[in-house]
Amino acid sequence: MMRPSPADYVLMSTPIDHDSRSRIEPFQSQPPNRSMPSPMLKEDLFPESNGGFVPENGSAKYVSEDKPVAPQPPEEEPEGFVPVLKNRNFLTLWSGQVFSQLSDKVYLVLMIALIASRFQSEGQTISGWVSSIMIAFTIPAILFGSIAGVYVDRWSKKGVLVATNLLRGALVFILPILLWLTKGWTTFGGLPVGFCLLLGVTFLVSTLTQFFAPAEQSIMPLVVEKRHLLPANSLYTTTAMASVIIGFAVGEPLLALADTIASWFGAGTDFGKELLVGGGYVIAGVLLLLMRTGEKQQDIAPEDQPHVWEDIKDGLRFLKKHAHVRGALIQLVILFSIFAALAVLAVRLAEVMPEIKSSQFGFLLAAGGVGMAAGAALLGTFGQRFAHARLGTIGSIGMAACLTGIGFFYTHLWITLALLTSLGAFAALIGIPMQTTIQQETPEDMRGKVFGLQNNAVNIALSLPLVLAGVSETIFGLRIVFLALAALTIAGGSLTWYISHTNDDNQDEKA
């Protein structure tokens with residue numbers, strides 16, 4: 001018997017796997033009970049070389065000798081929202097955000113409802129009461145924004161998200177009990193004790209929110225791959241804008257419906273509103289408890305406990321060395337300042353428009369929110385094809401054009417609504433890419449510090465225009481103020497363009 005030549009076979013101990021679902025069995029030249037490996041003929045191992053057939057996806061395909069099989073190119077991953085919507089951990093995080101954001105917005109409506117039903121006298125204006133609540137809500141944002149970020153870097157971010165939601169829910173749940181226990185009590189100055197408790201609870205809820213915000217931003221890169229952060233942030237922005245519109249627009253009817261449903265179960269009409277808002281926080285906490293982030297548990301020695309001011313300085317030094325992150329943060333501060341100014345100017349815009357009343361200024365703000373939600377949806381679908389700096393520059397030019405147009409046509413309702421909607425869409429081209437840039441280029445151990453500083457800067461940016469915009473409009477008029485905002489937007493866009501052509505300091509040092 002002739003033995004095959006060495007060129008005619010290859011010794012193999014296992015079958016060759018050409019496809020995960022079909023295998024070509026080797027040629028057995030020896031009895032199966034022999035221990036030595038069995039030879040496989042060349043024609044069996046590489047059938048395409050002899051005009052054989054190659055299994056493909058479970059079916060045979062004839063291959064000619066002069067036409068080798070080309071390797072199949074890898075299937076391209078779809079762009080847009082599809083990959084992030086398939087990410088269960090992101091869906092869990094996003095679902096928690098929906099309930100948490102809605103509860104945040106309806107909470108302020110709840111405070112106004114409690115003041116109106118329990119503390120406002122007949123014929124008395126409610127503005128003084130509401131202003132006190134807003135101050136109690138704003139002070140923690142300015143005092144604790146950066147400090148909270150320091151601790152978020154040392155703690156489990158998932159734990160922070162869960163705990164802050166559950167604690168906020170518990171604070172809202174105990175409000176009816178506290179108000180019932182202190183009914184009729186007053187301080188030495190005549191201020192109701194119940195209202196002081198509202199201020200205290202609001203202060204605590206806002207303080208917990210300062211820990212929630214940097215943890216929420218820091219955890220996103222842990223559950224979403226870097227290349228999918230842009231559509232993920234687009235979904236977040238869309239949800240945030242929708243919560244503003246829904247929360248403020250239907251918050252009062254929702255609270256009334258909650259009281260009605262609570263009365264059906266014998267809970268009385270004083271507990272339904274609190275059950276709705278507190279329940280939203282609790283649902284968010286329970287949902288986030290199901291999320292897997294892959295965070296490593298770390299034991300922090302007493303000497304490694306956070307040194308608040310040193311850690312804040314570390315965050316500032318990081319921003320100084322990383323031009324792209326610093327520029328993105330500045331862009332976000334400018335963006336939020338402009339929208340805070342618009343919140344004040346919208347009242348004046350509604351007043352000078354003959355078609356609507358000044359109390360209907362919410363329609364103007366809603367137009368901006370709708371535009372931003374639409375821009376976020378488009379950005380999440382197509383934005384990955386463009387550089388973040390280019391998107392920011394386009395958004396700045398578009399916002400400046402819209403602000404200039406409003407400055408000249410602010411007495412025309414429909415033109416202004418169209419411009420405000422476009423303004424919101426262009427704002428999405430700035431806010432979402434800049435937020436994504438910060439997430440992508442900030443190391444995990446620095447995210448809490450950086451997002452804490454961002455939270456602090458944004459809160460200050462939201463507070464100052466509330467005073468400056470109204471004063472400036474009184475002195476200079478609406479047109480000059482809108483043109484000044486357009487110039488500020490162009491300055492931010494120019495900064496983005498300049499930074500996009502600048503290397504970070506740490507990269508220069510490595511070169």
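This is a short tour of some helices and helix pairs in a predicted model.

**Stop 1: α5 by itself**

Select residues 157–181, which make up helix α5. The helix has 25 residues, and its first and last C-alpha atoms lie 36 Å apart, close to the 36 Å expected at 1.5 Å a residue. Now centre on leucine 175: α5 bends there by about 35°. Proline 176 follows within four residues of that bend.

**Stop 2: add α8**

Keep α5 on screen and add residues 272–289, helix α8. The two axes are 8 Å apart, at an angle of about 160°. That makes α5 roughly antiparallel to α8, and their crossing is left-handed. To see what touches, show side chains on the α5 face, including Lys158, Leu161, Asn165, Arg168, Val172 and Phe173. Leu175 and Pro176, from the bend you just looked at, also belong to this contact. Across from them, α8 brings residues including Glu274, Leu275, Tyr281, Val282 and Leu288, along with Gly278, Gly279 and Gly285. Colour the contact by class and you'll get 14 nonpolar, five polar and three charged residues.

**Stop 3: α3 against α6**

Next, pick residues 88–118 for α3 and 193–223 for α6. Their axes come within 12 Å and cross at roughly 160°. So α3 is roughly antiparallel to α6, with a left-handed crossing. Walk along α3 and you'll pass Asn89, Phe90, Gln97, Asp104, Tyr107 and Met111, among others in the contact. On α6, look for partners such as Phe195, Thr202, Thr209, Phe212, Glu216 and Met220. By class, this contact has 14 nonpolar, five polar and two charged residues.

**Stop 4: α11 against α13**

Jump to residues 362–382 (α11) and 413–441 (α13). Parallel, antiparallel or oblique? The axes come within 6 Å and cross at roughly 45°, and α11 and α13 are therefore oblique to each other. The crossing is right-handed. Glycines and alanines are worth highlighting here: α11 contributes Ala367, Gly368, Gly371, Gly375 and Ala376, among others. From α13, Gly424, Ala425, Ala427 and Ala428 take part, as do Thr421 and Pro433. How many charged residues does the contact have? It has none, with 15 nonpolar and five polar residues making up the contact.

**Last stop: α10**

Finish with residues 323–352, helix α10. Its 30 residues should span 44 Å at 1.5 Å a residue, and the end C-alpha atoms are 42 Å apart, which agrees. Zoom in on leucine 345 before you close the viewer: α10 bends there by about 35°.

Notes
Residues are numbered from 1 along each chain as its sequence is written. This is a predicted model: local features need pLDDT of at least 70, side-chain atom pairs count only at pLDDT 80 or more; totals for chains, interfaces and linings use all residues. Side-chain values use heavy atoms; hydrogens and water are left out. Helices (H or I, at least four residues) and strands (E, at least two) are DSSP runs, numbered from the N terminus. The expected span of a helix is 1.5 Å times one less than its number of residues. The bend at a residue is the angle between axes fitted to the seven residues ending there and the seven starting there. Axes are lines fitted to C-alpha atoms, for helices over the stretch in contact, and angles run from 0 to 180 degrees between N-to-C directions. Angles under 35 degrees count as roughly parallel, over 145 as roughly antiparallel, 65 to 115 as roughly perpendicular and the rest as oblique. A crossing is left-handed if the near helix is turned anticlockwise from the far one by less than a right angle, and right-handed if clockwise. Contact means heavy atoms within 4.5 Å. Ala, Val, Leu, Ile, Met, Phe, Trp, Tyr, Cys and Pro count as nonpolar, Asp, Glu, Lys and Arg as charged, and the others, Gly among them, as polar.
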